[in-house]
Amino acid sequence: MNTPTLILLLLTALEHLYIMVLETIATTSKKTSRTFGISVDELRTHHINVLLKNQGIYNGLIALLLITAALTHNLLWGQLLFGYVIAAAFYGGLTSDPKIILKQGGLAIIGLAVSLLS
């Protein structure tokens with residue numbers, strides 16, 4: 001696995017760790033409110049709060065898998081994870097906000113392209 005792919009795996013992992021923090025630790029913060037376009041009052045409702053924390057766990061696990069792929073230099077695993085992130089970003093873009101495709105999937109799109117071209 002080449003260095004640019006490793007860097008992109010780790011940057012994508014950091015992005016998902018950040019999302020996890022917003023969703024699980026800073027769930028009702030102003031930053032989370034701005035990031036997801038949900039009012040702080042709505043974030044405080046039990047239903048939204050629980051859903052975000054659940055999503056946060058998924059994002060944390062994705063980050064852990066991306067880090068593992070980078071540390072083990074497993075190119076195929078890295079490519080599959082990039083693909084997973086891209087698929088999730090496209091789904092989010094189609095069902096929520098088109099900006100999600102590039103915001104959440106941008107690094108993974110670049111990472112997959114770089115890994116396939118190397």
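**Why those words? Labels in a predicted model**

Modeller: Start with His73: its relative accessible area is 44%, so it is partly exposed. The model is predicted, with local features needing pLDDT of at least 70 and side-chain atom pairs counting only at pLDDT 80 or more, while totals for chains, interfaces and linings use all residues. Numbering runs from 1 along each chain as its sequence is written, and side-chain values use heavy atoms, with hydrogens and water left out.

Colleague: Why is His73 called partly exposed?

Modeller: Buried means under 20% relative accessible area, exposed over 50%, and partly exposed is in between (1.4 Å probe, protein chains only). The 44% of His73 lies in between, so partly exposed it is. Asn54 in helix 4 gets that label too, because its relative accessibility is 41%.

Colleague: Where is His73 found, and what is its phi?

Modeller: His73 is in the loop between helix 4 and helix 5. Its phi is near 55°, a positive value in a residue other than glycine. By the way, helices are DSSP runs (H or I, at least four residues), numbered from the N terminus.

Colleague: What makes helix 4 roughly antiparallel to helix 5?

Modeller: The axes of helix 4 (residues 46-72) and helix 5 (residues 75-95) come within 9 Å and cross at roughly 155°. Angles over 145 degrees count as roughly antiparallel, under 35 as roughly parallel, 65 to 115 as roughly perpendicular, and the rest as oblique. So 155° puts this pair in the roughly antiparallel class. The axes are lines fitted to C-alpha atoms over the stretch in contact, with angles from 0 to 180 degrees between N-to-C directions.

Colleague: Which residues make that contact?

Modeller: On helix 4, Ile62, Leu65, Leu66, Thr68, Ala69 and Thr72; on helix 5, Trp77, Gly78, Leu81, Tyr84 and Val85. Contact means heavy atoms within 4.5 Å. The split is eight nonpolar, three polar and no charged; Gly counts as polar here, and Tyr and Trp as nonpolar.

Colleague: Why is helix 1 called oblique to helix 5?

Modeller: Their axes come within 11 Å and cross at roughly 40°. That angle falls in none of the other three ranges, so the pair is oblique. In this pair, Thr5, Leu8, Leu9, Thr12 and His16 of helix 1 meet Leu75, Gly78, Phe82 and Val85 of helix 5.

Colleague: And how do you know how helix 1 and helix 6 are oriented to each other?

Modeller: They pack at about 165°, with axes 9 Å apart. Since 165° is over the cut-off, they are roughly antiparallel. Their contact holds eight nonpolar, six polar and two charged residues.

Colleague: Why do you call Thr12 buried or exposed?

Modeller: Thr12, in helix 1, has a relative accessible area of 0%, so it is buried. Leaving out residues up to four places away in sequence, Thr12 touches Leu66, Phe82, Val85, Leu107 and Ala108.

Colleague: Which residues touch the most other members of the largest nonpolar core?

Modeller: Leu9, Leu66, Phe82 and Ala108, out of 14 residues. A core like this is a set of buried Ala, Val, Leu, Ile, Met, Phe, Trp, Tyr and Cys residues joined through side-chain atoms within 4.5 Å. Helix 1 (3-24), helix 4 and helix 5 each supply at least two of its residues, and helix 4 gives the most, with five.
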